[in-house]
Amino acid sequence: MILYQGQLLENSEQERLIHSIERDLYQPVSSGVLLPTEIVINACDQLAGKIVKGDFGDILKPYLGLFPLTSAQFADMVGLFTKESLEYKCRIELCDEEMTLHGKVMRKRYPLGVLLHIAAGNVDVLPAYSVIEGLLAGNINILKLPMGDSGLSVRLLYELVRIEPLLKDYLYVFDVPSTETETLKKLAALCNGVVVWGGDEAVRAAKNMVDIDTKIIAWGHKLSFAYAESDASDQQLAELAQSICDTNQLLCSSCQGIFVDTDSQEDVLHFAKRFFEIFKQINQKSYPIDYGMKAKNAINLYNEKLEQHSTGTRILQADGISVLVCSDSSLQLSYLYRSVWIKPLAYDRLHTLKIWKNHLQTAAILTTDREKWQKIGSILARIGVVRITSGGNMSRTLCGEAHDGTYALREYSRIVEMEII
């Protein structure tokens with residue numbers, strides 16, 4: 001399904017509507033009226049209330065079946081869309097108040113204009129959330145759904161327009177395949193900015209698709225890891241293992257592996273065996289891994305075993321989970337779905353992670369020494385890590401948090417200064 005000016009329509013209507021969208025797209029601009037942020041916030045708050053009451057169970061149950069959230073986790077997720085949370089977010093990220101400079105110039109924040117959101121498919125609700133952020137900054141939004149989208153985002157956005165019909169001119173949702181580059185170029189040419197959720201290839205494709213005067217705002221994919229001292233407690237390791245099991249390492253904030261503060265491969269192996277035993281216990285209490293993913297990892301691990309003579313990698317595995325004990329210190333994506341690498345990286349070589357620059361996101365520090373925690377955190381922050389947490393909080397979400405080290409609503413805005421006459 002697609003969404004066009006408040007109507008849910010079949011995909012067969014898409015080509016015709018994209019052909020005529022330029023006629024309709026700029027209606028809010030020509031009216032000269034800015035979209036009030038409080039209207040968006042109130043609509044989202046009502047939507048959140050309906051979700052809590054179970055009004056959209058037919059939409060959400062299939063989604064929640066894939067992610068066995070506790071009632072508390074689900075409440076936290078929905079809570080991000082409440083009036084209190086969104087007002088807090090806007091106070092942090094936006095500076096809406098007008099101000100006069102030297103009595104001669106009036107400064108005011110305006111929306112960037114029109115945003116094209118190219119969403120990733122690793123979290124079903126993410127496309128809708130991206131559009132809501134665009135709305136909060138006052139923008140007109142075109143959403144390109146990710147491949148294999150479940151329909152959750154378009155339904156939620158449709159309900160949002162039903163709650164507040166004024167939003168219909170600010171929301172367009174299309175199901176355009178990434179292979180239809182000419183269609184995407186046409187949509188991008190109408191926009192002031194393109195919001196890209198995805199890896200390097202997705203960002204590169206977006207840059208090749210737009211003109212030089214179109215802003216690219218890229219989110220992810222990022223890599224996250226843990227850094228452990230020898231004094232890390234069993235509780236800290238258990239919390240990290242729980243986070244890995246809860247997310248299956250699918251989020252940018254999920255732990256892909258653990259660096260250990262040592263140059264000794266013997267120390268790395270000792271730590272890995274200790275973590276593996278805790279990991280197994282946590283895995284047994286967690287929801288089972290998808291059979292297909294378990295089979296895929298079995299093939300990956302078989303290949304690793306075939307190459308052990310040249311890589312020196314030790315593999316610990318049981319019950320569908322695995323720990324790869326490596327001798328190198330490179331940051332890399334894991335095999336996902338509860339397969340973790342563990343590598344040596346002495347404290348005095350932490351700065352070598354800087355070569356991954358903008359790919360760094362979250363780092364968990366595992367130590368019981370508060371002073372050492374601060375020292376490690378300071379270095380991680382300076383080399384490019386933008387979220388520093390404990391092991392259990394790597395993928396927690398707080399209202400008002402930045403996206404990858406910057407504020408989305410500011411990226412979706414511009415400052416206009418007008419001379420006073």
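1. In this predicted model, the residues that line the second largest pocket divide into 13 nonpolar, eight polar and two charged. The pocket itself has a volume of about 470 Å³, and of its 23 lining residues the closest to the centre are I118, K144, S178, A202 and A205.

2. Three elements, α9 (181-189), β8 and α10 (200-209), give two or more residues to the lining of the second largest pocket, and among the contributors it is α10 that gives the most, with five residues.

3. Turning to the sheet, one finds seven strands in the order β2-β1-β7-β6-β5-β8-β9, which form an open sheet with mixed pairing. Because β2 (7-9) and β9 (215-219) stand at the edges and each has a single partner strand, one side of each is left without a neighbour in the sheet. Neighbouring strands are turned by 25° against each other on average, when direction is ignored.

4. At the β9 edge, strand β8 (residues 193-197) runs parallel to β9 and is joined to β9 by five bridges, and within this pair V196 stands opposite A218.

5. Helix α7 (residues 126-136) packs on the sheet, where it touches β5 (114-118), β6 (140-144), β7 (171-174) and β8, and its direction makes about 165° with that of β6.

6. Helix α7 also has a helical partner, for its axis and that of α8 (residues 152-163) come within 8 Å and cross at roughly 35°. In this contact P127, A128, V131, I132 and L135 of α7 meet S153, L157 and L160 of α8, and the residues involved divide into seven nonpolar, one polar and no charged.

Note on methods: Residues numbered from 1 in each chain as written. Predicted model: local features only at pLDDT ≥ 70, side-chain atom pairs only at ≥ 80, totals over all residues. Heavy atoms only, no water. Pairing = 2+ DSSP bridges. Helix = DSSP H or I, 4+ residues; strand = E, 2+ residues; numbered from the N terminus. Axes fitted to C-alpha atoms, helices over the stretch in contact; angles between N-to-C directions. Contact = heavy atoms within 4.5 Å. Nonpolar A, V, L, I, M, F, W, Y, C, P; charged D, E, K, R; others polar. 1 Å grid on protein atoms, 1.4 Å probe; cavity = no way out; pocket = protein on both sides within 12 Å on 5 of 7 lines; lining within 4 Å. Points joined across faces, edges and corners; volume = space filled by probe spheres on them.
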